[in-house]
Amino acid sequence: MSAILARNVHRKAFRRGVLVSCEVVREHDFRRVARIGLDLSTEGMLVKADARVLTGEEVLVCFRAPFGRWFDARATVARVIHGRRPGDVGPCLGLEFYDHDDAFRSALFEHLRGWPGRTPARAAA
């Protein structure tokens, strides 16, 4: 049991709790679905949802790393958080970047380095 908890604590992505301005639009109709990023990693981001989106939908993301440059990425909606649990900040979308290269990942890593890590929203059971 402790091995399962330990595996969940150590993530492979470099994840930081930062507030970023972003534009997230659906790829098929270019409708905006989010404007605010709540946390960011080299593999994806969590955004506050402005519209209903289904898991698996492909989106285009444009965001500015904290005090850094602008990034453009393609992502898939990996998770939809409806905001019903205590501590949730409202409806959110977990986005997973794809079709990005090592240069994208390393540039984003450099912009996120030095920012505090994201604290878990819920304690491990």
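A pocket, as the word is used here, is an open set of points on a 1 Å grid over the protein atoms alone, with protein on both sides within 12 Å along at least five of seven lines, and its lining residues have an atom within 4 Å of a point. The exercises below concern a predicted model.

**Exercise 1. Describe the lining of the second largest pocket by residue and by class.**

Step 1. The residues that line the second largest pocket are Ala-49, Ala-51, Arg-52, Val-53, Leu-54, Val-80, Ile-81, His-82, Pro-91 and Leu-93.

Step 2. Sorted by class, this lining comprises 8 nonpolar, 1 polar and 1 charged residues, and the space in the second largest pocket comes to about 170 Å³.

**Exercise 2. Set out the order of the secondary structure elements in the protein chain.**

Step 1. The protein chain holds 2 helices and 7 strands, and, read from the N terminus, these elements follow the order α-β-β-β-β-β-β-β-α.

Step 2. Of the 125 residues in the protein chain, 37% count as buried, while 54% of the contacts between residues at least 6 apart in sequence join residues at least 24 apart.

**Exercise 3. Work out how strand β3 is paired on either side in sequence, and state why it is largely enclosed.**

Step 1. Strand β2 (residues 20-26) runs antiparallel to β3 and is joined to it by 4 bridges, with Val-20 standing opposite Gly-37 of β3.

Step 2. Strand β4 (residues 44-49) also pairs with β3 in the antiparallel sense, here over 5 bridges, and Ile-36 has Lys-48 in β4 as its bridge partner.

Step 3. The connections are hairpins: 5 residues lie between β2 and β3, whereas 2 residues link β3 to β4.

Step 4. The cut-off for a buried residue is under 20% relative accessible area; since 7 of the 10 residues of β3 (residues 32-41) are buried, the strand is largely enclosed by the rest of the structure.

**Exercise 4. Identify the elements that supply the largest nonpolar core, and follow the contacts of Val-24.**

Step 1. The largest nonpolar core has 27 residues, and those with the most contacts inside it are Val-24, Leu-40, Met-45, Phe-63, Leu-95, Phe-97 and Leu-108.

Step 2. At least two residues of this core come from each of β2, β3, β4, β5 (58-64), β6 (70-81), β7 (92-98) and α2 (102-112).

Step 3. If residues up to four places away in sequence are not counted, Val-24 touches Arg-31, Arg-32, Val-33, Ala-34, Val-47, Val-59, Leu-60, Val-61 and Leu-95.

**Exercise 5. Find two residues other than glycine that have a positive phi, and decide whether each is buried or exposed.**

Step 1. Phe-30, in the loop between β2 and β3, has a phi near 55 degrees, which is a positive value in a residue other than glycine.

Step 2. A residue is exposed when its relative accessible area is over 50%; Phe-30 has a relative accessibility of 57% and therefore counts as exposed.

Step 3. Phe-30 nevertheless has contacts, with Val-25 and Leu-60 when its neighbours within four places in sequence are left aside; its C-alpha is also 8.4 Å from that of Val-59, a residue 29 places away in sequence.

Step 4. Asp-99, in the loop between β7 and α2, has a positive phi of about 60 degrees although it is not a glycine; its relative accessible area is 61%, so Asp-99 is exposed.

Note on methods:
Residues are numbered from 1 along each chain as its sequence is written. This is a predicted model: local features need pLDDT of at least 70, side-chain atom pairs count only at pLDDT 80 or more; totals for chains, interfaces and linings use all residues. Side-chain values use heavy atoms; hydrogens and water are left out. Buried means under 20% relative accessible area, exposed over 50%, partly exposed in between (1.4 Å probe, protein chains only). Two strands pair if DSSP finds at least two bridges between them. On a 1 Å grid over the protein atoms alone, a cavity is a set of points where a 1.4 Å probe fits but cannot get out, and a pocket is an open set with protein on both sides within 12 Å along at least five of seven lines; lining residues have an atom within 4 Å of a point. Grid points are joined across faces, edges and corners, and a volume is the space filled by probe spheres set on the points. Ala, Val, Leu, Ile, Met, Phe, Trp, Tyr, Cys and Pro count as nonpolar, Asp, Glu, Lys and Arg as charged, and the others, Gly among them, as polar. A nonpolar core is a set of buried Ala, Val, Leu, Ile, Met, Phe, Trp, Tyr and Cys residues joined through side-chain atoms within 4.5 Å. Contact means heavy atoms within 4.5 Å.
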